[in-house]
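Student: I am new to this structure. Could you show it to me and explain the terms as we go?

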Amino acid sequence: MIPRRLKLRNFLSYRECSLDLTGLHIAVLSGRNGDGKSALLDAMSWALWGEGRGKLEDDKIHLGQQEMLVDFEFEVSGDLFDVVRKRTRGRAASLELFQLGPDGARTALTGGTIGETQREILCRVRMDFDTFANSAYLALGRADEFTRRAPAQRKEVFRKILGLERYEELSSAANDRKKETAATLHEVERQVGEARDQLAQLPEVEEALLEAGAASARLAPRIMSLEEQVSKLR
C-alpha cells in the first residue's frame, strides 16, 4: 500500500490539512514534539481500519469541534483507491470506499454497512491493522509491539506479511475443485456402469430381434392371405 494524498478536517491536532505524497519514494516528517507528525500516520490508519490513538472515537475529534473527516488516497499494485471516514461526536462513523480510474472517475465500492465496506478495504489493502502495527508502523510508545507478542501471534503476523493466506485460499479452492471433480467422476462412473449393463444385455436383445424376425417371416403368408380376404370383402 502506497500513500498518495491525505486530507484531514478536525482530526486530533489538525483543523484542516492536505498532504500530497504523489511522486515521492521516501518521505520524512520532522518537527517538534506535539507538532502532529504521528497524527498524520494515525489519520491513515484510522481511515483504513478505524484504529488510532484515543480509547474513545470522540477523543480523536479536534477540541471544540463536533465532527471529523479523513480522506485518504492510496495505491495498491497499480490500482488507486480513495477511502473517506467521517464521525460526528456521539454518533456512529460513516465509511466510503472508491476506486479511481485513470481519468479520475470514481467507482463506488462502498458496501451496505460499515462492516461490509471494511471487509472490502481489507481485501484491497491485503493487510489488517494488527499486521500493519507489527511490521510497517512503529507507533509512538509501541515500538516493541511485535516482540511483546506470543510466539503464535508473531507467527500469525509473519503469515500475513508474507501473504500466506493467499496460498491458503488457493489450497481451499483446490480442495473445492477436487471435491467437484470427484463428484463428476462418480457420476461418469455411474453412467459408464449403466452403459456396461446395457451392453451386457446386447446379445439377448439381438437374439430377441432374430426371433422376432423369424416370427414375422412365419406370419408373412398368413398376413398376405388375410389382406387378400379383406380386399375381396371390400
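Tutor: Start with a definition. A salt bridge is a side-chain nitrogen of Lys or Arg within 4 Å of a carboxyl oxygen of Asp or Glu. Keep in mind that this is a predicted model.

Student: What makes the contact between Asp-35 and Arg-32 a salt bridge?

Tutor: Their side chains come to 3.6 Å, N to O. The limit is 4 Å, so the pair qualifies.

Student: Why is Arg-32 called exposed?

Tutor: Its relative accessible area is 64%. Exposed means over 50%, so Arg-32 fits. Asp-35 has 37%. That value lies between 20% and 50%, so Asp-35 is partly exposed.

Student: How do you know that Lys-60 forms a salt bridge with Glu-57?

Tutor: The closest N and O atoms are 2.9 Å apart. That is within 4 Å, so the rule is met.

Student: Is Lys-60 buried or exposed?

Tutor: Lys-60 has a relative accessible area of 2%. Buried means under 20%, so Lys-60 is buried. Glu-57 is at 24% and therefore counts as partly exposed.

Student: What makes Arg-124 and Glu-120 a salt bridge?

Tutor: Their closest N and O atoms are 2.7 Å apart. The cut-off is 4 Å, so this pair passes too.

Student: Where do Arg-124 and Glu-120 lie?

Tutor: Both are in helix α2, residues 114–125. They sit four residues apart, about one turn of the helix. Arg-124 has 25% relative accessible area, and Glu-120 has 23%. Both values fall between 20% and 50%, so each residue is partly exposed.

Student: Which residues do salt bridges with shared partners join into one network?

Tutor: Arg-4, Arg-5, Asp-20, Glu-73 and Glu-75.

Student: How many salt bridges does the rule give?

Tutor: The count comes to twelve.

Student: Now helix α1. How do you know that its span agrees with the expected one?

Tutor: Helix α1 covers residues 37–49, 13 residues. The expected span is 1.5 Å times one less than the number of residues, so α1 should span 18 Å. Its end C-alpha atoms are 19 Å apart, which agrees.

Student: Why is α1 called mostly covered?

Tutor: Ten of its 13 residues are buried. Buried means under 20% relative accessible area. Among the buried residues are Leu-40, Met-44, Trp-46 and Trp-49.

Student: What comes just after α1?

Tutor: Gly-50, with a positive phi of about 70°.

Technical notes: Residues numbered from 1 in each chain as written. Predicted model: local features only at pLDDT ≥ 70, side-chain atom pairs only at ≥ 80, totals over all residues. Heavy atoms only, no water. Buried < 20%, exposed > 50% of the residue type's maximum accessible area, 1.4 Å probe, protein only. Helix = DSSP H or I, 4+ residues; strand = E, 2+ residues; numbered from the N terminus.
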